[in-house]
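Q: Could you pick one part of this fold and take a close look at it with me? I'd like to see how it sits in its surroundings, and then how the rest of the chain compares as a setting.

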Amino acid sequence: MEILEPILIKQKTLTPSLVAVRDAVLDGESVVRVVKNVRENEYGLRSCAVVPDCNFHNGVIEVDVRSRILPDAPDLARGFIGIAFRVPENDGPFECFYLRPANGRCDDLERRAHAVEYFSYPNYTFAYFRAKGITKYEAPADIGLDEWVHVRIEVDGTHGKLYTNNVNVLSVEDMKGREDARGSIALFVDIGTEGFFKNLKVSHWDEKGCE
(Lines give C-alpha, C1' and ligand atoms only; values in the text may rest on other atoms or scores of the structure.)
Protein backbone atom coordinates (compact mmCIF):
# COMPACT_ATOMS: atom_id res chain seq x y z
CA MET A 1 0.00 0.00 0.00
CA GLU A 2 1.30 3.44 -0.92
CA ILE A 3 1.76 5.71 2.07
CA LEU A 4 1.94 9.43 1.41
CA GLU A 5 3.49 11.34 4.28
CA PRO A 6 2.30 14.91 4.86
CA ILE A 7 4.99 17.61 4.70
CA LEU A 8 4.49 20.78 6.73
CA ILE A 9 4.65 23.83 4.47
CA LYS A 10 4.70 27.16 6.24
CA GLN A 11 6.62 30.38 5.71
CA LYS A 12 9.07 29.36 8.45
CA THR A 13 9.62 25.86 7.04
CA LEU A 14 10.39 26.87 3.45
CA THR A 15 13.51 28.38 1.89
CA PRO A 16 12.64 31.01 -0.74
CA SER A 17 14.56 31.22 -4.00
CA LEU A 18 13.68 34.33 -6.04
CA VAL A 19 10.20 34.30 -4.48
CA ALA A 20 8.35 35.83 -1.54
CA VAL A 21 6.63 33.34 0.78
CA ARG A 22 4.03 33.97 3.46
CA ASP A 23 1.32 32.14 5.33
CA ALA A 24 -2.22 32.98 4.28
CA VAL A 25 -5.83 32.02 4.86
CA LEU A 26 -7.97 31.23 1.83
CA ASP A 27 -11.60 30.17 2.17
CA GLY A 28 -10.98 29.57 5.85
CA GLU A 29 -7.99 27.26 5.27
CA SER A 30 -4.35 27.79 6.12
CA VAL A 31 -2.27 27.83 2.95
CA VAL A 32 1.09 29.09 1.72
CA ARG A 33 1.26 31.98 -0.74
CA VAL A 34 4.22 32.13 -3.14
CA VAL A 35 4.92 35.02 -5.54
CA LYS A 36 7.96 35.49 -7.76
CA ASN A 37 10.05 38.53 -6.89
CA VAL A 38 9.08 41.50 -9.06
CA ARG A 39 12.66 42.13 -10.18
CA GLU A 40 12.98 38.62 -11.59
CA ASN A 41 11.33 39.23 -14.96
CA GLU A 42 12.98 36.35 -16.81
CA TYR A 43 11.16 33.06 -17.35
CA GLY A 44 12.48 29.65 -16.42
CA LEU A 45 14.50 30.56 -13.35
CA ARG A 46 14.77 28.80 -9.99
CA SER A 47 11.72 30.67 -8.68
CA CYS A 48 10.42 28.42 -5.93
CA ALA A 49 10.02 27.82 -2.20
CA VAL A 50 12.22 24.87 -1.28
CA VAL A 51 11.33 22.20 1.28
CA PRO A 52 14.47 21.76 3.40
CA ASP A 53 15.87 18.46 4.70
CA CYS A 54 14.52 16.56 1.73
CA ASN A 55 16.33 14.01 -0.41
CA PHE A 56 13.82 13.03 -3.08
CA HIS A 57 14.81 10.56 -5.79
CA ASN A 58 11.90 8.40 -7.00
CA GLY A 59 8.37 8.41 -5.70
CA VAL A 60 5.12 10.34 -5.60
CA ILE A 61 4.41 13.99 -4.82
CA GLU A 62 0.87 15.22 -4.25
CA VAL A 63 -0.28 18.77 -3.55
CA ASP A 64 -3.24 21.09 -4.09
CA VAL A 65 -2.45 24.26 -6.02
CA ARG A 66 -4.40 27.37 -6.90
CA SER A 67 -3.21 30.33 -8.93
CA ARG A 68 -4.29 33.81 -9.80
CA ILE A 69 -2.83 36.32 -12.22
CA LEU A 70 -1.49 39.41 -10.49
CA PRO A 71 -2.88 42.82 -11.55
CA ASP A 72 0.52 43.96 -12.86
CA ALA A 73 1.31 40.70 -14.66
CA PRO A 74 2.58 40.79 -18.26
CA ASP A 75 0.28 39.73 -21.09
CA LEU A 76 1.93 36.33 -21.34
CA ALA A 77 1.11 35.40 -17.73
CA ARG A 78 -0.90 32.17 -17.50
CA GLY A 79 -0.94 31.50 -13.76
CA PHE A 80 2.21 29.35 -13.87
CA ILE A 81 2.31 27.04 -10.85
CA GLY A 82 3.72 23.59 -10.10
CA ILE A 83 6.21 21.40 -8.29
CA ALA A 84 9.96 21.22 -8.83
CA PHE A 85 11.83 18.13 -7.69
CA ARG A 86 15.40 16.85 -7.30
CA VAL A 87 16.28 20.47 -6.49
CA PRO A 88 19.90 20.91 -5.31
CA GLU A 89 20.98 23.31 -2.58
CA ASN A 90 22.77 25.53 -5.07
CA ASP A 91 21.58 26.89 -8.41
CA GLY A 92 22.02 23.55 -10.15
CA PRO A 93 19.85 21.33 -12.37
CA PHE A 94 16.33 20.39 -11.32
CA GLU A 95 13.12 19.18 -12.96
CA CYS A 96 9.57 20.46 -12.81
CA PHE A 97 5.99 19.78 -13.83
CA TYR A 98 3.84 22.91 -13.89
CA LEU A 99 0.42 24.15 -14.93
CA ARG A 100 -0.83 27.06 -17.01
CA PRO A 101 -4.41 27.25 -15.68
CA ALA A 102 -5.34 30.20 -17.91
CA ASN A 103 -4.88 27.90 -20.90
CA GLY A 104 -6.96 25.01 -19.59
CA ARG A 105 -10.32 26.02 -21.02
CA CYS A 106 -9.18 28.73 -23.42
CA ASP A 107 -11.07 29.19 -26.70
CA ASP A 108 -7.70 29.26 -28.48
CA LEU A 109 -7.03 25.56 -29.16
CA GLU A 110 -3.28 26.09 -29.51
CA ARG A 111 -3.09 27.64 -26.07
CA ARG A 112 -5.30 24.91 -24.65
CA ALA A 113 -2.77 22.33 -25.85
CA HIS A 114 -0.18 24.03 -23.61
CA ALA A 115 -2.05 23.74 -20.30
CA VAL A 116 0.65 21.67 -18.56
CA GLU A 117 4.36 21.19 -19.17
CA TYR A 118 7.51 19.42 -18.03
CA PHE A 119 10.88 21.18 -18.12
CA SER A 120 14.41 20.57 -16.90
CA TYR A 121 16.50 23.48 -15.62
CA PRO A 122 18.73 24.99 -16.92
CA ASN A 123 19.09 23.53 -20.42
CA TYR A 124 15.64 22.20 -21.33
CA THR A 125 13.33 25.07 -20.44
CA PHE A 126 10.05 26.26 -21.89
CA ALA A 127 11.98 28.67 -24.13
CA TYR A 128 14.21 25.88 -25.46
CA PHE A 129 11.31 23.57 -26.30
CA ARG A 130 9.31 26.36 -27.91
CA ALA A 131 12.26 27.56 -30.00
CA LYS A 132 12.86 24.00 -31.25
CA GLY A 133 9.17 23.38 -31.94
CA ILE A 134 9.15 20.49 -29.44
CA THR A 135 5.64 19.94 -28.09
CA LYS A 136 5.73 16.44 -26.56
CA TYR A 137 6.44 17.84 -23.10
CA GLU A 138 3.17 19.80 -23.07
CA ALA A 139 -0.46 18.68 -22.98
CA PRO A 140 -4.04 19.91 -22.46
CA ALA A 141 -5.78 19.63 -19.07
CA ASP A 142 -9.19 20.62 -17.73
CA ILE A 143 -7.98 23.24 -15.24
CA GLY A 144 -8.71 26.91 -14.56
CA LEU A 145 -7.54 29.97 -12.70
CA ASP A 146 -8.51 30.59 -9.07
CA GLU A 147 -9.64 27.03 -8.44
CA TRP A 148 -7.97 24.27 -6.48
CA VAL A 149 -6.29 21.66 -8.66
CA HIS A 150 -5.06 18.40 -7.15
CA VAL A 151 -1.64 17.58 -8.58
CA ARG A 152 0.04 14.19 -8.47
CA ILE A 153 3.53 13.62 -9.85
CA GLU A 154 5.09 10.18 -10.19
CA VAL A 155 8.85 9.98 -10.74
CA ASP A 156 10.82 6.85 -11.58
CA GLY A 157 14.30 7.37 -13.02
CA THR A 158 13.81 9.27 -16.27
CA HIS A 159 10.07 8.55 -16.36
CA GLY A 160 7.53 11.00 -15.00
CA LYS A 161 3.76 11.29 -14.94
CA LEU A 162 1.60 14.29 -14.13
CA TYR A 163 -2.00 13.97 -12.93
CA THR A 164 -4.43 16.84 -12.46
CA ASN A 165 -7.59 16.07 -10.49
CA ASN A 166 -6.80 12.34 -10.74
CA VAL A 167 -6.44 12.35 -14.54
CA ASN A 168 -3.09 11.45 -16.16
CA VAL A 169 -2.58 14.45 -18.43
CA LEU A 170 1.14 14.14 -19.28
CA SER A 171 3.61 11.25 -19.35
CA VAL A 172 7.30 11.83 -20.03
CA GLU A 173 9.51 8.84 -20.84
CA ASP A 174 12.77 10.77 -21.28
CA MET A 175 13.10 13.33 -18.53
CA LYS A 176 16.28 15.31 -19.03
CA GLY A 177 17.77 15.22 -15.53
CA ARG A 178 20.19 12.59 -14.30
CA GLU A 179 18.52 9.31 -13.45
CA ASP A 180 20.40 9.13 -10.13
CA ALA A 181 19.78 12.76 -9.18
CA ARG A 182 18.44 13.55 -5.72
CA GLY A 183 17.32 16.78 -4.15
CA SER A 184 14.58 18.76 -2.54
CA ILE A 185 10.97 19.33 -3.50
CA ALA A 186 9.90 22.92 -4.14
CA LEU A 187 6.75 24.97 -4.70
CA PHE A 188 7.22 26.57 -8.11
CA VAL A 189 5.70 29.74 -9.58
CA ASP A 190 6.66 31.97 -12.47
CA ILE A 191 6.05 35.51 -13.67
CA GLY A 192 2.73 37.14 -12.84
CA THR A 193 1.41 34.35 -10.60
CA GLU A 194 -0.05 34.56 -7.13
CA GLY A 195 0.26 30.93 -6.14
CA PHE A 196 -1.31 29.06 -3.22
CA PHE A 197 -0.33 25.59 -1.99
CA LYS A 198 -1.71 23.15 0.59
CA ASN A 199 -1.75 19.45 1.47
CA LEU A 200 1.76 18.57 0.30
CA LYS A 201 2.42 14.83 0.64
CA VAL A 202 5.33 12.66 -0.45
CA SER A 203 5.95 8.94 -0.86
CA HIS A 204 9.49 7.65 -1.47
CA TRP A 205 9.84 4.50 -3.54
CA ASP A 206 13.39 3.75 -2.49
CA GLU A 207 14.05 5.29 0.92
CA LYS A 208 12.66 8.00 3.15
CA GLY A 209 14.10 11.35 2.24
CA CYS A 210 12.02 14.19 3.72
CA GLU A 211 12.01 14.99 7.43
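A: Happy to! Let's begin with the setting: in this predicted model, buried residues make up 56% of the 211 residues in the protein. The part I'd pick is strand β15, which spans residues 193-204. Ten of the twelve residues in β15 are buried, so the strand is mostly covered, given that buried means under 20% relative accessible area.

What lies alongside β15? Strand β6, residues 59-69, is joined to β15 by ten bridges, and the two run antiparallel. You can find one point of this pairing at isoleucine 69, whose bridge partner in β15 is threonine 193. These are the last residue of β6 and the opening residue of β15.

Strand β4, residues 29-36, also pairs with β15, again antiparallel, through four bridges. Here a good place to look is valine 32, which has phenylalanine 197 as its bridge partner in β15. A third partner is β1, a short run covering residues 5-6, joined to β15 by two bridges and likewise antiparallel. Glutamate 5 in β1 has valine 202 as its bridge partner in β15. As you follow these pairings on screen, keep one general point in mind: in a regular strand the side chains alternate between the two faces of the sheet.

Now let's step back to the whole chain. The protein has two helices and 15 strands. Its C-alpha atoms fill a box of roughly 45 × 40 × 35 Å along the principal axes. The radius of gyration is 16 Å, which agrees with a compact globule, because a globule of 211 residues would have a value near 17 Å. Among contacts between residues at least 6 apart in sequence, 70% join residues at least 24 apart. On the outside, the protein exposes about 9,900 Å², and carbon and sulfur atoms supply 48% of that area.

Away from β15, the aromatic residues are worth a visit. The structure holds 13 aromatic pairs. One of them brings together tyrosine 98 and phenylalanine 119: the ring centres are 5.7 Å apart and the planes stand at 75°, so the pair is edge-to-face, a class that needs an angle over 60 degrees. This pair links distant parts of the chain, with tyrosine 98 in strand β8 (residues 94-99) and phenylalanine 119 in strand β9 (residues 116-121), 21 residues apart. Tyrosine 98 counts as buried at 5% relative accessibility, and phenylalanine 119 is buried too, at 3%. Ring pairs also link Phe85, Phe97, Tyr118, Tyr124, Tyr128, Phe129 and Tyr137 into a cluster.

A last stop is the cysteines. The structure holds zero disulfides. Cysteine 48 is in no disulfide, and the nearest cysteine sulfur, that of cysteine 96, is 8.1 Å away. Seen from the other side, cysteine 96 is also in no disulfide, with the sulfur of cysteine 48 as its nearest cysteine sulfur. That separation does not count as a disulfide because the two sulfur atoms would have to lie within 2.5 Å. Cysteine 48 is buried, with a relative accessible area of 0%, and cysteine 96 is buried with a value of 0% as well.

To return to your close look: β15 is a mostly covered strand, with β6, β4 and β1 as antiparallel partners.

Methods:
Residues numbered from 1 in each chain as written. Predicted model: local features only at pLDDT ≥ 70, side-chain atom pairs only at ≥ 80, totals over all residues. Heavy atoms only, no water. Buried < 20%, exposed > 50% of the residue type's maximum accessible area, 1.4 Å probe, protein only. Pairing = 2+ DSSP bridges. Rg over C-alpha atoms; globule rule 2.2 N^0.38 Å. Contact = heavy atoms within 4.5 Å. Areas by Shrake-Rupley, 256 points an atom, 1.4 Å probe, with all protein chains shown as cover. Phe/Tyr/Trp six-rings, centres within 6.5 Å; stacked < 30°, edge-to-face > 60°.
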